[in-house]
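User: I would like to go through the packing and the charged pairs of this model with you, one question at a time. Please reason briefly and finish each reply on the value or name I ask for.

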Amino acid sequence: MRVGIIVAMDKELHQLQQVFKGSDVLVQKCGIGKVNAALGAQKLINEFHPDCIISSGCAGGNGDGINVQDVVVSRELCYHDVYCGLAIDSTTQFGQVQGLPARFQADPYLLQQSERLVVEGSTVHHGLIVTGDWFVDSKEKMREIVAHFPDAIAVDMESCAIAQTCHILGVPFISFRMVSDIPLRDTDASQYHDFWNTIADRSFQTTRSFVESL
C-alpha cells in the first residue's frame with residue numbers, strides 16, 4: 001500500500017522522517033493552516049498517487065480521559081470556524097461547508113485498523129477532530145469551540161481540510177495525531193512547548209505501528 005503522510009511543521013516532518021527512514025512511506029510537509037493543508041494534499045495526490053493519506057503530527061486534546069502523548073484518531077472531521085448561515089439552506093450545520101457533508105468520515109478500513117491498534121505506553125482515542133485556522137492557546141477559545149462541538153476529542157489546523165480534499169478526489173483518509181497539550185488544562189500553551197522539549201521523540205512511533213498494520 002502506498003501511504004502518504006502529511007504534516008504541517010518542520011519539527012513534525014523531522015520526527016516522522018526519522019520514524020519512517022528507509023521505508024517507502026512518503027512524509028510531506030504542507031505548512032500550517034487549512035489552505036496549505038488542502039494544497040499539500042492535492043500535490044501529494046497528483047505526484048505520489050497514494051492509496052491512502054494520513055494527516056499526522058500533533059493536536060490539542062479534549063476530554064477527561066485524554067492526556068498528553070495519547071493518540072487521537074478521526075472517526076469524523078469538521079471545521080470549528082466555518083459557518084455558511086441559514087439564509088440559503090436552513091439545513092446547513094455550523095462547521096459545514098454548504099454542499100459538502102456536515103462531517104467527513106474516516107475511511108472504514110483505516111478506521112478499523114486503528115481500532116485494533118494496541119501500543120504500550122499510549123492510549124488511542126477515536127472520535128471527532130475539529131479543524132480551524134486558530135492555534136488554541138487559551139482556555140477561552142477552547143471553551144468556545146467545545147460549546148459548538150462538545151463531542152470533539154481534539155482540535156488542529158489541517159486535518160479537515162485534507163479530509164475535504166480527499167473526499168472530493170476519492171482518496172481514503174484518516175487523521176492520526178499525537179496529543180501535545182490539553183488547552184482546557186493549560187496556560188499559555190506551556191504543555192505544547194513541553195511536549196516538543198521533552199517527550200515528542202517517543203510519541204510518533206505509534207504512527208509507525210499503525211502504518212505497519214495496513
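User: Leaving aside neighbours within four places in sequence, which residues is Ile174 in contact with?

Analyst: This is a predicted model, and the answer should be read in that light. Leaving aside neighbours within four places in sequence, the contacts of Ile174 include Ala106, Leu110, Leu111 and Ser114. The rest of the list is Ile53, Ile54, Ser55, Val73, Ser74 and Phe210.

User: How many residues does the largest nonpolar core have?

Analyst: Ile174 is among the residues with the most contacts inside this core, together with Ile5, Phe20, Val27 and Ile54. Among the elements that give two or more residues to the core are strand E1 (3-7), helix H1 (10-19), strand E9 (173-181) and helix H7 (205-212). A second, separate core includes Leu77, Val82, Phe104 and Ile129, whereas the largest core has a total of 32 residues.

User: How many salt bridges does a search of the whole structure find, and which residues are linked with Lys34 in a network?

Analyst: The search of the whole structure finds twelve salt bridges. Lys34 meets Asp81 with an N to O distance of 3.0 Å, and Lys34 also forms a salt bridge with Asp133, where the closest N and O atoms are 3.9 Å apart. The residues linked with Lys34 in this network of salt bridges are therefore Asp81 and Asp133.

User: Why does the pair of Lys34 and Asp81 tie together parts that are apart in sequence, and by how many residues?

Analyst: Lys34 lies in helix H2 (residues 34-48), while Asp81 lies in the loop between E5 and strand E6 (104-105). Because the two residues sit in these separate parts of the chain, the pair ties together parts whose separation in sequence is 47 residues.

User: Is Lys34 buried or exposed?

Analyst: Its partners Asp81, at 34% relative accessibility, and Asp133, at 41%, both count as partly exposed. For Lys34 the relative accessible area is 16%, and since the cut-off for burial is under 20%, Lys34 counts as buried.

User: How many residues apart are Glu76 and Arg103, which form a salt bridge?

Analyst: The closest N and O atoms of Glu76 and Arg103 are 2.7 Å apart, and Arg103 is partly exposed, with a relative accessible area of 23%. Glu76 belongs to strand E5 and Arg103 to the loop between E5 and E6, so that the pair links distant parts of the chain. Their separation is 27 residues.

Terms used: Residues numbered from 1 in each chain as written. Predicted model: local features only at pLDDT ≥ 70, side-chain atom pairs only at ≥ 80, totals over all residues. Heavy atoms only, no water. Core = buried A, V, L, I, M, F, W, Y, C linked by side-chain atoms within 4.5 Å. Buried < 20%, exposed > 50% of the residue type's maximum accessible area, 1.4 Å probe, protein only. Helix = DSSP H or I, 4+ residues; strand = E, 2+ residues; numbered from the N terminus. Contact = heavy atoms within 4.5 Å. Salt bridge = Lys/Arg side-chain N within 4 Å of Asp/Glu carboxyl O.
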